[in-house]
Each structure stands twice: as structure tokens, then as C-alpha cells.
Amino acid sequence: MRTDSAPIPTRLADYTPTNFQINSVYLDFDLNPNTTRVRSRLQLTRLSGGDLVLDGEDISLKSVRIDGKHLKRSEYKLTQTQLILNNLPDSCVLEIETVCNPSTNSTLMGLYVSGGRFCTQCEAQGFRRMTYYMDRPDVMSVFKVRIEAPREKYPYLLANGNCIEQGELPGGKHFAIWEDPFKKPCYLFALVAGEFDLLEDSFKTMSGRDIPLTIYVDPGDAPRAEYAMDSLKRSMKWDEEAFGREYDLDRFMIVAVRDFNFGAMENKGLNIFNSALLLADAETATDLNFERIESVVAHEYFHNWTGNRITCRDWFQLCLKEGFTVFRDQEFSADMRGATVQRIKDVRALRSRQFPEDQGPLAHPVRPTEYLKIDNFYTATIYEKGAEIIRMLKTMLGSEMFRKGCDYYFDRLDGTASTVEEFIHCFENISGKDLSQFMRWYEQAGTPMIQVNKSGQNIELKQFNRPTPGQLNKKAKVIPLSWATVHDNGKNSEEQLTILDSASIRLSAENGTPSLFRNFSAPVVLKTNFETSDYLRLMAHDKDGFNRWEAGQTIARQLLSGATQAIQQGIEPEINPALRGYTEALKNTLLDNQFDPAFKALVLTPPDDTEIIQALENTDPIAANLAGRWLKRAIGDHLRAELLETYHAMKEQGPFSPSAEAAGRRALGNQALALLASRLDPQAAPLAIDQLNRATNMTHELAALITLTHLGGRRIDQSLENFYEKWKDKPLVIDKWFGVGAARPGPHSLIHVEALTEHPAYDATNPNRVRALIGTFAVRNPEGFHSHDGSGYAFYARQISHLDKRNPSVAARLLGAFEIAPKLDQHRQDLIRAELKSIIASKPSKNVLEIASKILG
């Protein structure tokens, strides 16, 4: 038998229903950091013939009983990953006892120890690391859980649902019993035990029920959870008003932990959060942190209906819960922070994360057809593109019909493990529309490219769906096009909705400039034959805020693409009419009082390097970065007086507020400072130093520190050292410090980053710290990462290999940074391919093997 055979992928086409139903689950945990004993009792009913196959990893089996009878070792089959039982009766009680070692579980999947506390992460396949079980999402059951542990070290014992009993035990131990009355798959199971501070509140539901709310945090951190609690209460209220969804259990709990692979987890009634996405105050958190906390708290709460009450039949349907829930949290954020600004931020994130994925070697459909490790498919395509599909559905059906379809979905499929087809059929049944062609958004990878040719009043649009790995021939998608015509006098024609469902379509428009895909009505790449004057007209007069911003971004992309190509050829980019028109339009926007500061800050922010690299072929990434610096310098030069005036006008007035309005003022002021620094303005450094010294909030303090690192000079080392000494006892702030160091520009950037890996505060076992240093280096330090000699790639590959031995999931996610390779110049492509081949030769985990192999093609 061959021992070096390639791993066998799991395929959607091979799905078969389970042959046993688990009617109820009883779990008994005797917690010990080194030897936790887990006893499970499963009530089983046979649904079809065959053996019972249970999943298990890195656990020690102690005993198996069926209906009270102890099984001998010869009466079952045990492999490294499965427990197989044959000849089971049609109905029986199966009891299993296992032992696991949470203290050595560096994967942070299953049961592990973080900061001396027990914690679980079961999605996607972590439950099998505690006990043998059918670890798949379509196996849904009611759970009762008993936990016991020493009271002094673990005063709080938490699990899903409602606490129905607790008490004392001999030897200084205590116990708690939790019961969740709602059926759930095992990936939603949660257990937490340890010492915490509590922040408590309550929420009255629309039916008048009082729900106790509790957030569990490290001792001393309760005040820093107040914004998360406020976000939770607003989320609960919003979900009742926007979707008619009321909370169902008797209490809701959130726990913050420092060691966590993801952002947060929606376990039924007991959400577990990465502390970076739960804890915030003015001194230690930036406006982006506050914004993310608000969004992620809402996201995990919204999962109660879109993910928990209705879950996915198999992991190929992951977008069913994640795409829908991302859409819901985006809508919530739009209501909290302003629709136009939020839409721009969401699209910027989509373009920086998902568009490169869709155009590269890791491209996959929103509903994939196969995987080696499902952990690798928690991607921007599943989440953000999945949300865009829901948004398009709402656009095509209209708000009222969309809400009816959602209500029907919740009513019809509550308590089930569902599929994308069942979801779409709900909207077909309510609307009477045939959405079979719309399903191609779930089935076909890639971002559609729309070519627009305008001639007089005639507009022709053609859609192109380019080949992606495994999908060479594509069919036309259903693309909703919201559009209007914009005139020089400021008039906008009435907005129309046109459905592009064939290879091409012709429109007739008034004289003026078409404003196409308003509010980004579909996730497409738009190519037009418009003149710069057309985009300047949209920048000046388009009443759709998103497209007004997008017009400026389009001009900037064209300027940056031309500048990148010129720099690659050793030519200095020219100052042309397009640049002059663009910078003047920016000035007009900055001075226009009809726009709020948050919008102005976004308008003044050019596209990042990634967008330009994706738009070109065989690109030198250093040239793209230099082009970005060139454009920012040109903006700073043209708007210098206005930027200085804006910076001073946006200074903090009164006490700190995390509100959208106050955050917008800080964003505009800091962007003005950054643009002044880009031109090496003599006032930039004094302003940044003064802001760093006087800052009363982390948003201003961190922005000043970043500005100083980009200005360079001898002051940088001292500023970084002072920042570290000031905040060395605050782990979440030190994550930020590592991020600043990782992005530090200059010819010696890699040397600085390598030194930081030896810093006493660097913890290679903590995902937050690793992402802050290693992840930031790859995405925010082009000089170091893309160094022509390949040293940046070699350093990064070594870090991935080291991390893979401890935490394959995080290692594989970071390895995705190499997906940019096909867009780079041939020299760098070869360097990256050599590193990937070396990684594969080292026999990595399946997680890393899958990503490396796909990037290599």
C-alpha cells in the first residue's frame, strides 16, 4: 500500500444523509488542564443501514457502552480519526468515555486552555477533539451538559442554553448543568470555565420578555466591554425591527478570550469572542476597533437565526449562514453609521480581499464543490461575496418582497439543516420569479467584467465571465444594474433598474454621463470608454454618494496604473490634465459642506496597491507602491493649504465619543495629516509629534505614530520605544505596536521585522500577535515582503512552516498572501513558486498543502 498518496478531497457530489439520528446528547466534563475526562451519552435511532461511523482526533478512548453493556476492544474498530461500530440495534443508548489534553492543544480547536481558562472552538470540526461524534452540521440534537472543576480556579462554568442546576462537590470542586432546548449541530457547542469579571445588563424583547445579558472578561476589563454591551442591545432591537426576529433563550452570554483563531463564534446562547473584537475604550482602541466591535457583535448575534435556528446541511453550504449574516450586519452598520459611508467601506474591503481571491489561483465558487480542509474556505468569497449575492436578491425583488421571502424562509426552515437551493426556493415561492439563472452566482467563481461602450445616447454593456481554476467555460449571470444619467447642470435622471442576464444589452440614455451600478448594485469590474471629463462630472454632480466616490476612485486607478507602468520603465510619471482635474475635484469635495467628514476622508483616500496590481499584469509591486506615493504627494501638493486648515478644524472638541460623526472627524483630520506627510511637508512632523504627545485617544495616537514611521528619521526608534513602554501591559495595544513595526517602510524593514520576532513580547502561539506582525508584514510592507532578492518571501515561508506545526488553520490563512503571485513580474513569480515548492516538500498539514498546491496550480 502506498503511504505517500495525495489526500482525498471531500466533494459536494458525494453528500449522503447520515444513517443515524442523535435524539439527545448528554455530556459530562471533568475539567483538568492535562487530563480532561469527557463522558457522552447519545440516544440513537437508525435511519438506514450500515455501520455507525464517529469522528475523533487527538483523544484517548477509555470505554464504549451500548445500552449499558461494555464493549470489548474486538467489538469496535478504532482508527486515527474514526470510531466504527457495527451491528447496532435500531434504537440504543451509546456511552463513550474519552480523555483529552487541553493544555497542549495548540491548534485552538476543540477544548483548549487560554490564559488559564478552558475554552472551546468547535466550528468547523473541533468537536471531534473532545469526544467521538458524527461531526457534521446536518446532525442536530438537543444538548444537556454537566461541567465540574475546582471552584477556586474556575468559579464560572458556562455552556450553551439555560443553567438548570449547580452545586458544590467534595474536594473543593463544584458543578453546573446546562440545557439547550433547541436542536443544534455540534459545531455550535460551547464550554467555558475560569475566573472572570462580569458586565451585566438586560434587554426587553418585543414580546415583553426580560433577557439577562452577561459579558465575561478578564479581571479588570469589564469597563472596556461597555461598548460591546451597547452594540449587543442595539443589535437585538434592530433585528426585531428589520427582520422580525426575537431572541429565544432565557439569557445571552459573551466571553472574551485572548487566544482565538477567528474573530468570534456564534455558539448558541454563549458567543465566544477574540478579545480584540470585544474590548474597547478611548485610550486603547481606535475608531476602527469600535466599528469592528459593533459589526462583529451584531454579526454573531444575528447568527442566532441565520446559522443557528437554521443551519447548513453540509459545509459546502457555508455561505448560506455566513453570506446572509454578513449582509445583515452590513445593513445594521449602515443604519448605525450612515448608508453611503458604510457601503463604500464594505466595497473597499470586498475589492481588497475578495476580488483578488476571485481573480487568482484560490478562486472558488461561493458554494465550493470540493475541499481538503473546510477551514480553508472561511474566505472573503464565502462571506463578503456571499453577502453581495443577498444584496442583489434584495435589489431585484425590492425591499418588501425580500422581507416576505425572509419571513417565509425563517418560518418554513426553522430547526433544519438547509441548502442554498432551499433558501432560493423560498424567494421563488413568494415572488413568483424564476431564480434558476441567479443560482450561477453560487456556482461560478470569478468576478464578472462589464465592458461599457457609450456612443451618443446609446450604451452597450457586455458581460465577460473569465475562466477560473476548474471552470473554463462560464455562462452569463443575472446582474442587476441600477443606473441614471448625470448632467452638467447637476440634474440626475430618475434611477432605473435593468437586469443584465445575457452576454450583452443595449440601453438608451439622455445626453450626459451614465451613472452605472449605483450603490454598487452588483460585484463586478467595470470597464468603460468614458472620458476623464465624464468621471469629473460624476464627482461633481452624481446624487448617488457611492458613485460620486467611485468616479474619483476610477480616475485614481487610471492614474496609478499609468504611473506604475511608467515607473517600471524608469520614467517619472507625468503631471497631466487628468491629474489636475482629479486633484481639483478632491479640493472641491473637501470644501463642500454638504458632505460629512467621514465621506470626505474616504474620497481623499486613493485605491491601495492591491487594486492596481490586480488591474495590471506582470507588475513590479514596488513600482505600484511608488505610484501610490506619487499620487498621494500630488494630492498633498495641490491641497496643502486646505489640508492644513482641515487638520486644525477637525481637532478633538470635548470628551471622546465613539459615534460615527466623531469618528468621521478624526478620520478626516488624520487623513489630512497623512497627505501632508506624503509630500514631506515641513509641518507634518511637528504636527504628528504634537498629536502623539497630546493624544487622549488611541485613534489619534496610533495615526501620529504611523505618520512618523512613514516620515522616517532618527525620531522613529525613540517614538516606537516610548509607545511600547507606555502600553506594554495592554496586549491589544501591543498588537497594534507590532503592526506598526511590521509595516515600517525603508530598506531595512525586513531586518526590523526579524528583530521583532525575537522581542520578548512576541508570542508565536497567539494568533493575534502572529497576524499583527507576520500578517501585516505581507500586506502592508511591500518593500520588505516583495524585496527583489526574495528575502521577504523566504522569511514569510519560514514563519508559515513554523506556525503550521502548531496551528495549521492560521498558517494556511496567512499563506494566502502568496495568491498574488500570478499578477507579479516573472522574477517574483519564480521566487514565490520556489518557496511554495519548498513548503510542500516539507510535508505540511492538509490545510497548508491545499493552499500551496492551488497557488502553484
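Which residue in β18 does Leu-199 stand opposite? That would be Ile-215, and this pair is a handy way into the fold. Keep in mind that we're looking at a predicted model.

**Around strand β18**

Let's start with β18 itself, which spans residues 210-217. This strand is mostly covered, with 6 of its 8 residues buried. On one side sits β17, residues 197-204, running antiparallel to β18 and joined to it by 8 bridges. The two strands make a hairpin, with 5 residues between them. Within that turn, Gly-208 takes a positive phi of about 95 degrees.

β18 has another pairing too, this one with β19 (residues 252-257). Here the sense is parallel, and the count is 4 bridges. Ile-215 turns up again: its bridge partner in β19 is Ile-254. So if you click on Ile-215, you can trace a path to Leu-199 in one direction and to Ile-254 in the other.

What handedness does the β-α-β unit made by β18, helix α1 and β19 have? It is left-handed, with α1 covering residues 226-243.

**Salt bridges**

A search through the whole structure turns up 73 salt bridges. Here are three of them, with the separation of the N and O atoms:

| Basic residue | Acidic residue | N to O distance |
|---|---|---|
| Arg-136 | Asp-138 | 2.7 Å |
| Arg-234 | Asp-230 | 2.9 Å |
| Lys-823 | Glu-617 | 2.8 Å |

Take Arg-136 and Asp-138 to begin with. Arg-136 has 26% relative accessibility, so it counts as partly exposed. Asp-138, on the other hand, is buried at 17%, because the cut-off for buried is under 20%.

The pair Asp-230 and Arg-234 takes us back to helix α1, where both residues lie. They are 4 residues apart, or about one turn of the helix. Each one counts as partly exposed: Asp-230 has a relative accessibility of 35%, and Arg-234 comes in at 22%.

Then there's Lys-823 with Glu-617, whose closest N and O atoms are 2.8 Å apart. This pair links distant parts of the chain, 206 residues apart. Lys-823 belongs to the loop between α25 (808-815) and α26 (826-841), while Glu-617 is in the loop between α13 (609-615) and α14 (621-638). Is each partner buried or exposed? Lys-823 is buried, at 11% relative accessibility, whereas Glu-617 is exposed, with a relative accessible area of 54%.

Salt bridges can also share partners, and one network of that kind joins Asp-55, Glu-57, Asp-58, Arg-128, Arg-129 and Asp-135.

**An open sheet of 4 strands**

Further along the chain, 4 strands come together as an open sheet with mixed pairing. Their order is β29-β26-β25-β31. The edges are β29 (504-508) and β31 (525-528), each of which pairs on one side only. From one strand to the next, the twist averages 20 degrees.

Inside that order, β25 (residues 449-455) pairs with β26 (residues 458-464). They run in the antiparallel sense over 7 bridges. Which residue in β26 is the bridge partner of Asn-453? Look for Glu-460.

Key
Residues are numbered from 1 along each chain as its sequence is written. This is a predicted model: local features need pLDDT of at least 70, side-chain atom pairs count only at pLDDT 80 or more; totals for chains, interfaces and linings use all residues. Side-chain values use heavy atoms; hydrogens and water are left out. Buried means under 20% relative accessible area, exposed over 50%, partly exposed in between (1.4 Å probe, protein chains only). Two strands pair if DSSP finds at least two bridges between them. A crossover is right-handed if, with the strands pointing away from the viewer, the path from the first strand over the helix to the second runs clockwise. A salt bridge is a side-chain nitrogen of Lys or Arg within 4 Å of a carboxyl oxygen of Asp or Glu. Axes are lines fitted to C-alpha atoms, for helices over the stretch in contact, and angles run from 0 to 180 degrees between N-to-C directions.
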